[in-house]
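User: Please take a close look at one part of this model, the second largest cavity and what surrounds it.

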Amino acid sequence: MKKIYALIFGSFLTLISYAQNPMLNRGGAAGGQMPTGRFYGKVVDAANKGVDAASVTLITNRMDTATKQMVEVIAGGMLSSKNGGFSIENVALMGRYTLRITGIGLKTINKPVAFDMPNRDAMSSGDMSAMLGAIDKDLGNIKVELDEKILSTVTITSSTPTMTLGIDRKIFNVAGNLTSVGGTGVDVMKNVPSVNVDIDGNVTLRNTAPTLFVDGRPTTLTLEQIPADAIESVEVITNPSAKFDASGGTAGILNIVMKKARRVGYSGNLRVNIDSRAKFGIGGDLNIRQNKLNVFASGQYNQRKSISTGVTDRITLGSASTLGSIQRDRSVGEGQFGFGRFGFDYFMDIRNTLTVTGNFVRGGFDPTGTSNIFIDSFKNGNKVDSSTQLRSTNSNNIFRNKGAQVSFKHNFPTSGHEWTADATFNKGRNENSSIITTDYFDMPGSVFKNTYNQSQNGRGTNENLTIQTDYANPLSANTKIEFGARAQMRKINSENTISIAGTNNVTLYNSSDNVYAAYTTFSNRIKNFGYQLGLRVESSTYEGNLPNKGQTFKIDFPISLFPSMFLSQKLSETDDLQFNYSRRINRPNFFQLFPFTDYSDSFNISRGNPGLQPEFTNSLELSYSKIFKNRDNFLASIYFKNTNDLITRIQNEEYDSVVKRTIPINTYQNANNSYVTGLELTTRNKVTKFWDLTANANFFTSKIDLVDQPDPDQLFSYFFKLNNTFKFPKNFSLQLSGDYQSKVITSPGGRGSGGGGGMFGGGGGFGGGSSSAAQGFIRPNYGVDAAIRFEFMKNKVASLSLNVNDIFRTKLFDQYTETTFFIQNQERRRDPQVFRLNFNYRFGKFDASLFKRKNTKADSGVDTNSGGNF
């Protein structure tokens, strides 16, 4: 006991020395440390019963060296125990503090607290009880009150910013988008700045197809298989650091964050919609949290009818004659799909959380198409023959996808110090069949000549397993180190059969793609300057087999290094300057590698190249961001990308044993390199109290060096996107969004790898839909979507909305292509002016009797596991 008294007495002698000599408090003491104490007490309700899991935080004020202003900092904190008790230790004795007690359903308590200095008489007389009471202070029972206003509200809402700018990403909250209600992930992307969506739902980011993630992990889902109403936000990562998967090449990553609430109680919504083509959808979400368990589920069933029309004008150049053709196409695809997602969070204790999630998708569609083809044959400039072809296509397609994820997160006592581990598995299956019948007629008079029949049948499976672990440790307030490891294993099995004139040609193709990676990053901040250095190491192996031909293709990269560097300079409290560099890889996708010859379009026969090599990209980006007084945002970025071994579409003429003649074949090869330079501007403005405006502009130019072909002309292009939201009286709101794309060079690697369209027909299956090789461009196009919503019932829990896409019928795919074999102009339009009526009803209850939670981060309703950690 005497030792304890001596320790207490010594602490107060040190404290008096600090008070008499302030320099000691600045580190001037010879090895001295500031003495500390403890605050403890009990949180109770009106009946003096202890309140479990209330958030108790001790706050003090300190000078911010960057802004030279006083800011709040957390000195300590915890959750109250089951009996309401709390104890905050290692608190500096000198200082003024505020004890803040919060919780969902509780009124916030702010209580000033401080340690009482015993007088000199008590110290000189050796009154140990006075000294002990001073550094071990009992705050007694602190009574909290229920916030009846919150508890009586059906749902709790907050004004979430529609755009948030981070050091390595732009985060767009899309939950409030009106034009995408009742649609799919493709409709969501139409409203996301920096992202361009064509009429087939193919997505590009800065004119290149990005890598698609869901909740921070790779996925086998396409955007048209994800309901728009299940998406919370979209993260646009244009230049990922070493922490992220190195795949994605020149475009970066689009991470879709799914909705999931974590508030104590239950909540959910029901929704139903019907469109102008008499197709309906129905779905809902449910979230229940009590004690240590948070359960969530969502489901959606949608019907769709897609109509596509097109005209192709083509001149085929031959050594003996020239063919001129005009092809008019119409395709109608009808189908449906169901989406389900379910899972739970188990809060094992205050620091450990286990999450299990499962999802499934299944659906089918039956597109039918007709093509009228008029052909004139010329020789020496004179017309020598005319004919007509009438082609009909009947297809049937089904798809299945299921997946699961298990993740564990451990939070260490220090804020930001955490370890996560997870495993994600996805498995997909698809089957498709097409019967193509072509009737030939001689002109004039449309005299029947003969009929040509062919069928294509295909089926395949794919499996994707990703195992990943990440560790982050803030070594100090300004320094942080992170490292992790990841393994991704993917298998694809495919079987395709084409039957022409009774002869079957079967192609079996099996492939495996394994990527193993490890990374580390180091971050530090020195006053207003910050930097992050990172290095990712990847080992990848790709192997493809053609069992019925005895052929094997293998691409092996034992070690590839991907460095990254991020620099940031805080110019003022509202202005930031950032510079970043990264090296990335774009591995060829399955359709670029698959050596199956697609004969569905006789004018554009295509085949993959299993010998393709990955392309490597070096990316540089300089950004300036500013936040205005009214919280408006502005971001300007200058970017440069250099890609080596660029994957490019080419066209070769060769003899084909199936059609038994020499024909041009579209395929792929690795070109020399490409260069892209651009300027992107993004801004969010609250123009008036009722009008929010988000604008995005992208100006870019690209140069491509091809192999054994003329280089395409360098072209300056630009892209604009505007999103307007208006809030009117009587609970009405209106959204108008539009985009404009100038003339742009055709993407050298072809379209369609952005996770987009074709699910309900109208894709590149006819009329030259597949972009061919060599020089070509897409002519300017623009489109406008609109939606209006009315909210009603108490607390606005119900709403009716009406949305329409391409309201002026201006969205048109208009492409010019020129090769050594043909010159082609193609126009296609898909699904203009489709109206959709939606009804949505929200429900929920947040009850103080359910406050048994063990994770304070969840109290805000923010999902701390979704996104962010890749």
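Analyst: For the classes used here, Ala, Val, Leu, Ile, Met, Phe, Trp, Tyr, Cys and Pro count as nonpolar, Asp, Glu, Lys and Arg as charged, and the others, Gly among them, as polar. The model is predicted. On that division, the lining of the second largest cavity holds 17 charged, ten polar and nine nonpolar residues. The cavity encloses about 670 Å³, and the whole structure has eight cavities of 30 Å³ or more.

Of the 36 residues that line the second largest cavity, Val186, Asp187, Lys190, Asn805 and Asp831 lie nearest its centre. At least two lining residues come from each of helix 5, strand 10, strand 18 (293-317), strand 37 (715-728), strand 38 (732-741), strand 41 (781-792) and strand 42 (798-804).

Helix 5 (185-189) and strand 10 (195-197) also give two or more residues each to the largest nonpolar core. That core has 29 residues, and Met189, Val192, Val234 and Ile256 touch the most other members. Other elements that give two or more residues to this core include strand 14 (231-237), strand 15 (253-258) and strand 19 (322-347). Leaving aside residues up to four places away in sequence, Val192 touches Phe172, Val174, Val234, Val236 and Lys721. Lys721 falls within the span of strand 37 (715-728), one of the elements that supply the cavity lining. Another core lies apart from the largest one; its 20 residues include Phe39, Phe86, Ile88 and Leu139.

Terms used: Residues numbered from 1 in each chain as written. Predicted model: local features only at pLDDT ≥ 70, side-chain atom pairs only at ≥ 80, totals over all residues. Heavy atoms only, no water. Core = buried A, V, L, I, M, F, W, Y, C linked by side-chain atoms within 4.5 Å. Buried < 20%, exposed > 50% of the residue type's maximum accessible area, 1.4 Å probe, protein only. Helix = DSSP H or I, 4+ residues; strand = E, 2+ residues; numbered from the N terminus. Contact = heavy atoms within 4.5 Å. 1 Å grid on protein atoms, 1.4 Å probe; cavity = no way out; pocket = protein on both sides within 12 Å on 5 of 7 lines; lining within 4 Å. Points joined across faces, edges and corners; volume = space filled by probe spheres on them.
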